[in-house]
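Reader: I am new to this structure. Please give me a close look at one helix and its surroundings.

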Amino acid sequence: KPLQYPGPIIEKLGRSVSLTDISSKLRIENQPENWVSPSNKKATDFLLEVYSEIVRNYDIDGIQYDYIRFPFQRRDTQVGFDFATKNAFLKDSGKLPVLDGPINKSWKEWKAKQVSNFVKNTSAKLKEIKPDLKVSIAVFGIDRSQRLNQIQQDWETWVVSKWVDVAYPFYYSYTKDEVKIKLQRTRESLGDRAIIIPGFNLRTLSLGEVTERIAAAREGGSLGICFFAYEHLDAM
């Protein structure tokens with residue numbers, strides 16, 4: 001496919017479901033993915049339809065959400081200026097999104113809420129189909145304030161609200177001591193309302209570093225470990 005190919009979902013549903021930056025670009029710098037807007041009902045209904053088909057027709061134990069967030073953004077690469085997203089914000093707030101100032105702060109908070117609403121509504125509808133379904137999430141383990149500012153992913157709210165059962169925070173760039181501290185603080189702050197499984201990147205760690213992080217996770221009370229990704233085990 002050519003570099004301009006938007007992917008099968010946007011190709012099927014149309015460009016109107018995609019997130020764009022202020023210049024109407026589908027992709028932002030250093031990120032190869034195309035994104036759909038959590039404010040676009042056409043996009044979210046399509047995703048729910050796909051998830052529901054899987055849950056209804058296959059004997060699965062659970063489903064995991066990944067990339068349930070906005071892309072990483074700097075000031076000049078903020079997304080949500082597409083028609084659906086900016087007009088949904090206008091309808092709710094009476095204002096159009098901007099790159100700076102109090103309105104920008106409100107806009108980021110609003111975007112985080114759109115992502116959270118998707119998780120809340122989707123999890124509820126999937127569990128109507130299969131009540132014992134386990135819902136898990138792959139999320140970033142960076143500090144919450146930084147995460148809300150950059151990618152609008154408020155996964156702590158999802159855990160506290162019991163919209164998900166298991167969380168896999170990525171602890172890719174942290175030392176073994178930082179892993180233990182962050183894991184303990186996360187469990188304490190969330191009151192063990194969900195199982196927290198730390199994720200480590202095999203592509204960037206030596207065998208010794210992996211072993212240290214497994215030990216740190218166990219000392220922090222984790223019930224398991226997640227590795228990204230299987231293909232990198234060959235390098236061990």
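Author: Start with helix α7, which covers residues 176–190. The model is predicted: local features need pLDDT of at least 70, side-chain atom pairs count only at pLDDT 80 or more, and totals for chains, interfaces and linings use all residues. Residues are numbered from 1 along each chain as its sequence is written, and side-chain values use heavy atoms, with hydrogens and water left out. Helices (H or I, at least four residues) and strands (E, at least two) are DSSP runs, numbered from the N terminus.

First, the length of α7. The helix has 15 residues, and at 1.5 Å a residue they should span 21 Å. That span is 1.5 Å times one less than the number of residues. The end C-alpha atoms of α7 are 21 Å apart, in agreement with the expected span.

Now its sides. Val179, Lys182, Leu183, Thr186 and Leu190 of α7 are buried (under 20% relative accessible area, with exposed over 50% and partly exposed in between, for a 1.4 Å probe and protein chains only). These residues sit on the same side of α7, because they cover an arc of only 100 degrees around the axis. The arc is taken from the directions that run from the helix axis to the C-beta atoms. Arg185 and Glu188 are exposed, on the face of α7 turned away from the buried side.

What covers the buried residues? The cover of α7 includes α6 (155–160), β4 (195–196), β5 and α8 (207–219). Contact here means heavy atoms within 4.5 Å. Just past the helix comes Gly191, with a positive phi near 60 degrees.

Next, α8, one of the elements that cover α7. It has 13 residues, which should span 18 Å at 1.5 Å a residue. Its end C-alpha atoms are 19 Å apart, which agrees. Val210, Arg213, Ala216 and Ala217 are the buried residues of α8. They fall within an arc of 125 degrees seen down the axis, so they line one face of α8. Leu207, Arg218 and Glu219 are exposed on the other side. The cover of the buried residues of α8 includes α7 in turn, along with β5 and β6. Gly221 follows α8, and its phi is positive, near 95 degrees.

Then α6, also in the cover of α7. Trp158 lies in α6. At 0% relative accessibility, Trp158 counts as buried. Leave out residues up to four places away in sequence, and Trp158 touches Ile68, Val115, Ser116, Val119, Ile137, Val139, Gln153, Trp163 and Val164. Pro32 is 126 residues from Trp158 along the chain, and their C-alpha atoms are separated by 27 Å.

Last, the strands β5 and β6, which help cover α8. β5 (199–201) and β6 (226–228) each supply at least two residues to the lining of the second largest pocket, as do β2 (134–140) and β3 (166–170). Asp66, Tyr67, Phe140, Phe170 and Tyr172 are the closest to its centre, out of 20 lining residues. β6 gives the most to this lining, with three residues.

Terms used:
On a 1 Å grid over the protein atoms alone, a cavity is a set of points where a 1.4 Å probe fits but cannot get out, and a pocket is an open set with protein on both sides within 12 Å along at least five of seven lines; lining residues have an atom within 4 Å of a point.
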